[in-house]
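Please open the structure in your viewer and keep the selection tool at hand. The tour below proceeds by selection, stop by stop.

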Amino acid sequence: MGVGKDKKGSLQVNLGKQKSKNTIIKEETISSQSNKEKVNNSEEPEHHQEEEEEEIASDSESDYQELSDYEDEDYESSGGSESGESNSSGDEGSIDTDNDDGMDSEDQSNDSESDKVAEESDSSEDEVAPRNTIGDVPLKWYEDEKHIGYDITGKKITKKERQDKLESFLASADDSENWRKIYDEYNDEVVELTKEEIKVIRRLVKGKAPHLDFDPYPTYSDWFKWDAKHPLSNAPEPKRRFTPSKWEAKMVVKYVRAIRKGLLKFDKPKEEPRFHLLWGGDSGSAEKAAHLSYIPAPKPKLPGHEESYNPSLEYIPTQEEINSYQLMDEEDRPKFIPKRYTSLRSIPAYENAVKDSFERCLDLYLCPRVRKKRINIDPKSLKPKLPSRKDLKPYPVTCYLEYKGHNGAVMSISTEASGQWIASGSTDGTVRVWEVETGRCLKIWEFGEAVQCVAWSPLHELPILAISVGQDVFVLNTGLGNEVVQKKVKELLHVEMSTPADDSGNKSSSLSWVQDEKHEGIKLRHFRTVSAVEWHRKGDYFCTVMPAGESKAVLIHQLSKKLTQRLPFKLHGLPVSSVFHPTRSVFFVATKKNVRVYDLLKHKLIKKLETGLREVSSIAVHPAGDNVIVGSKEGKLCWFDMDLSSKPYKILKCHPKDITSVVFHRSYPLFASCSDDCTAYVFHGMVYSDLNQNPLIVPLEILRGHSSSNGRGIMDCKFHPRQPWLFTAGADSSIKLYCH
């Protein structure tokens, strides 16, 4: 029997208390059942009675031997019982006598006796409450005490004096009933088992049911009504349902080996600390309740040396410091000014005691209990990792040349295809051609009206310049090149007779090709003011934009055939600028809100770029043709990746004022923007051939040097076709060249 177990101890106490009553009931039941046994034996077969008696006799001998061995082991392990240890062979005769008496009574008992015994053991009237009332408290807590607990009246249960091993051994040798006795450590008393309890224990040791009337193999009553037509199964039960599984045994062996080798490790129980910091934070409790929404209440600040009634001299401020506190803000002013008192009796009451207590109650009651995860992110890590500007050279940095000669604001500039010449148009009504390297003015045309735009032909072998002045567009011969080039240009710019536009309608005669003898070129008379002129990459077509031209706001002209045609599309909004695709027959038209992309061959709209800007001012297309930049009058620059989306890939807020022009470089990964704030921004814009890699945009330099005039700054900017140089035209009537 297990000594020291609480539950078994209480069971043994109850059984010991029932000893006298159960013995009397047992004798009465044996005498009453002996008469019934005779009647029953006359009805049952004789051979059945003999077999049952032999089985009971054999079971009793084997059960007693097992129980006696089991009891001897328990007595040796317990070592502290008052009755001592007994394993002598001299008591075997008395034990056998008692055992035989028990077996005779068991043989004479029938089913009615077992029912009464079962009823007696299950009844709650015979149960006796344990004498010790400490509950499930471990008994090791009372090892150093003189008592082991408290009884039901609250009095201490003192420990009995224990005998030594020699005295207990001698006492057990003289007591024939010693093998029935068990020491209850919980109640500190010796309990003697009854014969019925020994029978129950024997059956439990053999793995049988504790009561005799229990039938482990009852007759099976089939409650299911079987249908003869649809039986579930007539197959015999397979053998694998009755034999142990070999695979499970192999898995058990496998797990045992893994545990022994240390491959499978069990979670060790967490050891809770015995001590904790009384004034510490609630970090430990917060970690325990991490899965809950529990937030510990904030603890008030503990008083320090300053709050002492007799602080050190270094904590006491001087009168000058106290006066300086009055000049400070209320938030920065210290809440408590330390003072020194000679005794506790002279300390006045704290004037803010009620206020502080009230604020503390508000903190505990009205403070929102919301757990917010604070993200500690370094602000520097949020910035994109851009390459160094030194690795992105060359790009324009400083002003190298300044071209002066205009008397008004320079509205537009354009570079020749070879990069040797540059043309400029101003509000003073003149167009000048400059030599780039020397700054020498080569030629001047006077029109008597403000020049809006100048555009040089993209072909080097045709030095032709298109100029928009009011409602007229002039295509002039610059006089550059040799005699062969000049002869070819004159033939191209010769108009035999006035050629009207091929548009049908009331305004068919509103535009005509006329030979201009004064400026040695061609004049195209429009019905509205022309604001922009752009050339096609082949040099034979150019387009003009008239913002007030309604359906004919954008016209495309063919120089070789002297023909003009309008776009076969409906323009939604007022057009601002237009540009040809550098490689395909695609045409871009920028209105004040959006950018529409048309296919000139298929005569259909390809894509609509949604800028989201207040008003678009300029547009430029990347030399590869898949990226577009758009400038606005609110200082924002939008980069569109046409393969990615119809919305901006990047929006750059760089200028505080209106952006007047944007431009890409033909060969270098550069683009620039100029604004009325008298600055020009230069960016590195690398477009990769890999579609999975986004364009790289890096700001490089801010170019300054122009002065403001009438609220206007830089009016136009253009890159050199071959060098990383930038030309800027300002409202201060000057043109500047920025080089690397």
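The stops that follow visit helices, sheets, a nonpolar core and several loop residues in a predicted model.

**Two helices**

Begin by selecting residues 195–205, which form helix α7. Within this helix, E197, I198, K199, I201, R202 and R203 are buried. Then select G207, which follows α7 and has a positive phi, near 80 degrees.

Move next to residues 246–261, helix α8. Is this helix largely buried or in the open? Of its 16 residues, the number buried is one, so α8 lies largely in the open. From its first C-alpha to its last, α8 reaches 23 Å, close to the 22 Å expected at 1.5 Å a residue. To inspect the start of the helix, display the side chain of S245: one of its oxygens reaches to within 3.5 Å of the backbone nitrogen of W247. After the helix, select G262, whose phi is positive, near 90 degrees.

**The largest nonpolar core**

Select I464, V475, I522, L524, V533, F542 and L559 together. Of the 24 residues in the largest nonpolar core, these touch the most other members. Now colour the elements that each supply at least two residues of this core: β10 (451–456), β11 (464–469), β12 (472–477), α13 (483–492), β15 (521–525) and β16 (532–535). Which of them gives the largest share? Helix α13 does, with three residues. In soluble globular proteins, nonpolar side chains tend to be buried together.

Centre the view on L524 and display its surroundings. Leaving out residues up to four places away in sequence, L524 touches Q471, D472, V473, V475, L511, S512, W513, F542, H557 and T564. Two of the residues listed above as touching the most other core members, V475 and F542, are thus among the contacts of L524.

**Two open sheets**

Strand β16, which contributes to the core, leads to the next selection. The strands β16-β17-β18-β19, in that order, make an open sheet of four strands with antiparallel pairing. Its edge strands are β16 and β19 (563–566), and each pairs on one side only. From one strand to the next, the twist averages 25 degrees. Zoom in on β16 and on β17 (residues 541–545): four bridges join these antiparallel strands. Within this pair, select A532, which stands opposite V545 in β17.

Now select the strands β20, β21, β22 and β23. They too form an open sheet of four strands, in the order β20-β21-β22-β23 and with antiparallel pairing. Where are its edges? β20 (575–580) and β23 (604–610) stand there, each with a single partner strand, so one side of each is left without a neighbour in the sheet. Neighbouring strands of this sheet are turned by 20 degrees against each other on average, direction ignored. For a closer view, select β22 (residues 594–599), which is joined to β23 by six bridges, the two running antiparallel. In this pair, V595 stands opposite L609 in β23.

**Three loop residues**

Select H655, in the loop between β27 (650–653) and β28 (659–664). With a relative accessible area of 0%, H655 is buried. Which side chains does its own side chain meet in polar contacts? One is that of S673, at 2.9 Å, and another is that of D677, at 3.3 Å. Not counting residues up to four places away in sequence, H655 touches E634, G635, S673, C674, S675, D677, T679 and Y681.

Continue to P721, found in the loop between β32 (714–719) and β33. At 9% relative accessibility, P721 counts as buried. Add E416 to the selection: the C-alpha atoms of P721 and E416 are separated by 7.9 Å, although the two residues are 305 residues apart along the chain. Beyond its neighbours within four places in sequence, P721 is in contact with T415, E416, A417, S418, G419, H665, R666 and S667.

Finish at S733, in the loop between β33 (726–730) and β34 (734–739). S733 has a relative accessible area of 19% and is buried, given that the cut-off lies under 20%. Select A409 as well: S733 and A409 are 324 residues apart in sequence, yet 4.5 Å apart in space, C-alpha to C-alpha. Residues up to four places away aside, S733 touches Y403, H406, N407, G408, A409 and V410.

Notes
Residues are numbered from 1 along each chain as its sequence is written. This is a predicted model: local features need pLDDT of at least 70, side-chain atom pairs count only at pLDDT 80 or more; totals for chains, interfaces and linings use all residues. Side-chain values use heavy atoms; hydrogens and water are left out. Two strands pair if DSSP finds at least two bridges between them. Axes are lines fitted to C-alpha atoms, for helices over the stretch in contact, and angles run from 0 to 180 degrees between N-to-C directions. The expected span of a helix is 1.5 Å times one less than its number of residues. Buried means under 20% relative accessible area, exposed over 50%, partly exposed in between (1.4 Å probe, protein chains only). A polar contact is a pair of N or O atoms within 3.5 Å; within protein, one must be able to donate a hydrogen and the other to accept it, and residues adjacent in sequence count only if both atoms are side-chain atoms. A nonpolar core is a set of buried Ala, Val, Leu, Ile, Met, Phe, Trp, Tyr and Cys residues joined through side-chain atoms within 4.5 Å. Contact means heavy atoms within 4.5 Å.
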